[in-house]
Amino acid sequence: MHRILLPLALLFSAPSLAARWGSPEVAGLVTDQAMDEISGLAASRTHPGRYWAINDSGNTAQLHLMDGNGQHQGSVDVVGAANVDWEDLASFELNGRHYLLIADTGDNGGIRQDLALHVFEEPADLGQPATLAWTVRFRWPDGPRDCEAAAVDPVSGEVLLVSKKRVPAELFRVPLEDAGELRVAEKLGNLVGIQQPDAGDLARSPLYGRYRAQVTGADLSPNGRVLAVLNYRSIHFVVRQPGQGWQAALATALPHLPLPWIPQAEAIAFSLDGQEMRVGSEQLPSPLVRYRIESKPQAAD
């Protein structure tokens, strides 16, 4: 059989990316009370095949380790940062060291004047606490807003943040390094085309129907090219071509995957090899949903 060779730009174009993911599967059921309000997930680099999770505000300042099926493997205390309103978690490698970033960016009341991005060296020993490496403090350029989605791009040295309640959702960036001063987030553009609730959504679920389009999580693919953005309805992808910035990537239509019904889907993470995604919930018990790449396109010779 002849192999059809396509240009790389076409193989990894935005519309084709969503089509490569298979149907959602239930990887397992999250039942442990230690992870009763998961607001962020991140693939572990020190414990391959496992994932770190954090809980939302009102919970202890801890990191929780689960396996790929959602089974609790252990918890570690966090030293140096309180859980004001932890909303997302990202893992990354920088200068040969493994780190976790906790986005303390939740603001349901729209009153927080400055927010924090806490960075910890990833724990290798579950018997030892996670100690703060540095904190990036920042504010929004034009007043408070809620934010539950963060991802780290260590190559460009920035944290990507997506607003929750604004329509359309907004993409910002903040430098990853601690400059010892309050940073101001830079707006990169809007995520246009995310489907908003209609009358049917509100009729079926008067409480949660109006929240279905609000962005609750994000993660960056291991190759740094795809920003996955989660809401209660779907996963949207912002895809940039080699050498392209995020502003240009936002100018194209955002491909998306439908999400099966999950109570309060608020956490998403790529696997370390980029071949899987997992989606977690803020409620117990709840399924840990997995998407897998169905086929990996081959580059031209």
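How does the radius of gyration of the protein chain compare with that of a compact globule of 301 residues? The chain has 18 Å, and a compact globule of 301 residues would have a value near 19 Å, so the two agree. Keep in mind throughout that this is a predicted model.

**Whole chain**

Start with the full chain in cartoon view. Its secondary structure comes to four helices and 21 strands. The C-alpha trace spans about 60 × 45 × 40 Å along its principal axes. Switch on the surface. The accessible area is about 13000 Å², and carbon and sulfur atoms hold 52% of that. Buried residues make up 53% of the 301 residues. Of the contacts with a separation of 6 or more, 52% join residues 24 or more positions apart.

Now colour by charge. There are 25 positive and 36 negative side chains. The centres of these two sets lie 6 Å apart.

**Strand 12 and its partners**

Select residues 169-175, which form strand 12. Five of its seven residues are buried, so the strand is largely enclosed by the rest of the structure.

Add residues 158-163, strand 11. Strands 11 and 12 pair in the antiparallel sense over five bridges. A hairpin of five residues joins them. Look for Val 159, which stands opposite Val 174 of strand 12.

Next, add residues 186-191, strand 14. This strand also pairs with strand 12 in the antiparallel sense, over five bridges. Here, find Arg 173 opposite Glu 186 of strand 14.

**Ala 169**

Zoom in on Ala 169 in strand 12. Is Ala 169 buried or exposed? Its relative accessibility is 6%, and the cut-off for buried is under 20%, so Ala 169 counts as buried. Show its contacts beyond four places in sequence: Val 162, Ser 163, Gly 189, Asn 190, Leu 191 and Val 215. Then draw a distance to Ala 248, 79 residues away along the chain. The two C-alpha atoms are separated by 16 Å.

**Strands 15 and 16**

Move to residues 217-220, strand 15. Show the side chains. Gly 217 and Asp 219 point one way, while Ala 218 and Leu 220 point the other way. All four are buried. In a regular strand, side chains alternate between the two faces of the sheet.

Add residues 226-230, strand 16. Strands 15 and 16 pair in the antiparallel sense over four bridges. Pick Leu 220; its bridge partner in strand 16 is Leu 227.

Finish at the turn. Five residues lie between the strands of this hairpin. Among the residues of the hairpin, stop at Gly 224, which takes a positive phi near 75°.

Key:
Residues are numbered from 1 along each chain as its sequence is written. This is a predicted model: local features need pLDDT of at least 70, side-chain atom pairs count only at pLDDT 80 or more; totals for chains, interfaces and linings use all residues. Side-chain values use heavy atoms; hydrogens and water are left out. Buried means under 20% relative accessible area, exposed over 50%, partly exposed in between (1.4 Å probe, protein chains only). Helices (H or I, at least four residues) and strands (E, at least two) are DSSP runs, numbered from the N terminus. Two strands pair if DSSP finds at least two bridges between them. The radius of gyration is taken over C-alpha atoms; the globule rule is 2.2 Å times the number of residues to the power 0.38. Contact means heavy atoms within 4.5 Å. Accessible areas come from the Shrake-Rupley method with a 1.4 Å probe; for residues, only the protein chains shown count as cover. Lys and Arg count as positive and Asp and Glu as negative; His and the chain ends are not counted. The place of a charge is taken as NZ of Lys, CZ of Arg, CG of Asp or CD of Glu.
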